[in-house]
Amino acid sequence: MKIVMPLFQFEYLHNDPFQFSGEQLKIGRFSANEEIPSIDLFSPLDIEYMTDPSWALIFDHDDITKYCIKVNFLLLSFRIFSQGKPPFIQYRLCKDNIKKCSRLNSTITYIHEFEKNPIPYTKEELLIIDTGFQNLTKMDGISPRCHNAIYFLFLAFHHTHWIVSFMFLMNTLEAIFSKDTPGAATETICTRVSSILESKPGCNFDDIFQLYEIRSRIVHGNIVANKEPIEYLKHLHHLQDIVIECMKKLLNERIYSKFEDKETRDSYLGTLNTCR
């Protein structure tokens with residue numbers, strides 16, 4: 001079954017399609033006239049909107065089990081490894097079975113005030129994203145901690161309110177770096193995160209501790225959720241950068257493999273104590 005998802009905010013510097021690992025997903029040319037079914041689901045405005053993309057993410061396989069999860073993992077890999085704002089999808093088109101067509105209610109969000117505009121992708125950059133996609137898929141199956149961290153990260157990138165995104169980003173760090181025992185974990189998490197990132201600029205203990213203080217103020221009602229959060233968006237962007245850098249490190253160096261069992265995980269986390 002062929003399911004076509006127009007890629008918005010995507011440019012590619014090559015003409016040939018790009019096949020991702022697993023042979024089920026690829027990026028290929030998109031023609032709205034050829035791919036949009038004539039059904040009531042899509043309004044004239046939807047159809048006009050879909051004439052803009054020239055590329056699409058294409059799933060083409062007989063087994064569509066969990067294909068949405070695979071697509072989400074791939075788009076999350078774009079979010080982690082892209083240099084600018086990554087592409088997103090808003091529609092699923094399927095002429096083979098119109099019941100598989102849909103309009104998505106939520107798409108990946110961006111902090112427009114601080115994030116760079118998208119840049120055209122090269123084949124080499126897509127290969128990096130493909131490797132990240134493979135490792136993210138493997139990481140998800142390693143342990144409940146890894147699965148939850150990825151799930152929280154996905155939620156963080158699909159909410160429009162800064163407080164929700166901020167809390168889910170913190171949940172991502174907590175799922176990976178927190179202790180198993182009850183009690184305060186702030187110092188442990190700040191130490192471990194700064195250590196794995198080698199206290200590079202913006203990622204030292206004090207940087208992360210200050211962001212954790214914002215989390216605490218949110219939980220205790222000292223920061224009011226509001227519709228004009230511009231003063232806090234810079235902190236959200238800072239936290240987002242830290243979480244993305246952690247994920248890159250875990251995926252690129254396959255550190256996630258150390259989280260398969262408690263003994264191996266605790267042994268590894270015990271080494272992250274040098275960068276306060």
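Let me begin with the sheet, which in this predicted model is an open one built from four strands in the order β1-β4-β3-β2, with antiparallel pairing. At its edges stand β1, residues 2-6, and β2, residues 18-19, and because each of these has a single partner strand, one side of each is left without a neighbour in the sheet. If we follow β2 inward, we find that it pairs with β3, residues 25-29, in the antiparallel sense and over two bridges, and that Phe 18 has Ile 27 in β3 as its bridge partner.

Staying with the sheet for a moment, please look at helix α3, residues 67-81, which lies across β1, β3 and β4, the last of these being residues 55-60, and which runs at about 70 degrees to β3.

Now to a pair of helices. Two packed helices are described by the angle between their axes and the distance between the axes. For α4, residues 123-140, and α5, residues 144-156, the axes come within 7 Å and cross at roughly 125 degrees, which means that α4 is oblique to α5. On the α4 side the contact involves Leu 136, Met 139 and Asp 140, and these meet Cys 146, His 147 and Ile 150 of α5; by character, the residues of this contact are four nonpolar, one polar and one charged.

Finally, helix α9 covers residues 230-252, and since its 23 residues at 1.5 Å a residue should span 33 Å, the 33 Å separating its end C-alpha atoms agrees with that expectation. After α9 comes Arg 254, a residue with a positive phi, near 55 degrees.

Definitions and conventions:
Residues numbered from 1 in each chain as written. Predicted model: local features only at pLDDT ≥ 70, side-chain atom pairs only at ≥ 80, totals over all residues. Heavy atoms only, no water. Pairing = 2+ DSSP bridges. Contact = heavy atoms within 4.5 Å. Axes fitted to C-alpha atoms, helices over the stretch in contact; angles between N-to-C directions. Parallel < 35°, antiparallel > 145°, perpendicular 65-115°, else oblique. Nonpolar A, V, L, I, M, F, W, Y, C, P; charged D, E, K, R; others polar. Expected span 1.5 Å × (residues − 1).
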